[in-house]
Amino acid sequence: MLRTPGGARVAMYGILLAGTHSQHDAAAVQIVATGDSDSAAARLRATLPELRRVGTRLRLPCHDLALPVLRSMSEDQKKDFLDVLDQLVRLDGRITLREYLSTSLLRKHLSPRAGARDSVRHRTY
């Protein structure tokens, strides 16, 4: 699932939603269908129960595996993906620390400046 951009996107959507109540699942699937694709929404609907059962222990390893694949997307695809994530975070009307950290991590690593080095300036006192 994490080896293709489509699968990695679905995994990240699912990991983000795994911490929310299942009452929001229908709305979340609709957001993914509108912002991503119908096939991504169908895969999310199928995998979300399993991701909820896994719990928190595999969330960071999944991020680590998904990031290189997600970086291979075009800038427009990355923007659309991050927009869908933002909509999913706002779905339940609150932003948890886990949601904030997850989206911040993805936004940082998928930004156009990701991997660019900042120049270091040393000053003497």
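Which residues does L88 touch, once we leave out those up to four places away in sequence? Let me start there, with the reminder that what we are looking at is a predicted model. Setting aside those sequence neighbours, L88 touches Y13, L16 and L17, and it also touches A28, I31 and V32.

That list leads into the interior. L88 belongs to the largest nonpolar core, which has 33 residues, and together with M12, L70 and F81 it is among the members that touch the most other members. As for where the core comes from, the elements that give two or more residues to it are helix 1 (5-17), helix 2 (25-35), helix 3 (38-54), helix 4 (59-71), helix 5 (75-90) and helix 6 (97-110). Of these, helix 1 gives the most, with eight residues.

Let me turn now to the charged pairs, of which the structure holds seven that count as salt bridges. The one I would like to dwell on joins the side chains of R9 and D36, at 2.8 Å from N to O. R9 lies in helix 1, whereas D36 lies in the loop between helix 2 and helix 3, so this pair ties together parts that are 27 residues apart in sequence. The two partners also fall into separate classes of accessibility: R9 has a relative accessible area of 15% and is therefore buried, since buried means under 20%, while D36, at 22%, counts as partly exposed.

A second salt bridge, between the side chains of K79 and D83, has an N to O distance of 2.9 Å. Here both residues lie in helix 5, four residues apart, which is about one turn of the helix. K79 counts as partly exposed at 49% relative accessibility, and D83 likewise counts as partly exposed, at 31%.

A third example is the pair of R94 and D92, whose side chains meet in a salt bridge at 3.8 Å, N to O. R94 counts as partly exposed, with a relative accessibility of 42%.

Finally, a word on the surface. Which residues make the nonpolar surface patch of about 460 Å²? They are I95, L97, Y100 and L101. L101 has its place in helix 6, an element that we have already met as one giving two or more residues to the core. With a relative accessible area of 49%, L101 is partly exposed, because the exposed class begins over 50%.

Methods
Residues are numbered from 1 along each chain as its sequence is written. This is a predicted model: local features need pLDDT of at least 70, side-chain atom pairs count only at pLDDT 80 or more; totals for chains, interfaces and linings use all residues. Side-chain values use heavy atoms; hydrogens and water are left out. A nonpolar core is a set of buried Ala, Val, Leu, Ile, Met, Phe, Trp, Tyr and Cys residues joined through side-chain atoms within 4.5 Å. Buried means under 20% relative accessible area, exposed over 50%, partly exposed in between (1.4 Å probe, protein chains only). Contact means heavy atoms within 4.5 Å. Patches are made of residues with over 30% relative accessible area and no salt bridge: like charges are joined within 9 Å, nonpolar side chains (Val, Leu, Ile, Met, Phe, Trp, Tyr) within 5 Å. Accessible areas come from the Shrake-Rupley method with a 1.4 Å probe; for residues, only the protein chains shown count as cover. A salt bridge is a side-chain nitrogen of Lys or Arg within 4 Å of a carboxyl oxygen of Asp or Glu.
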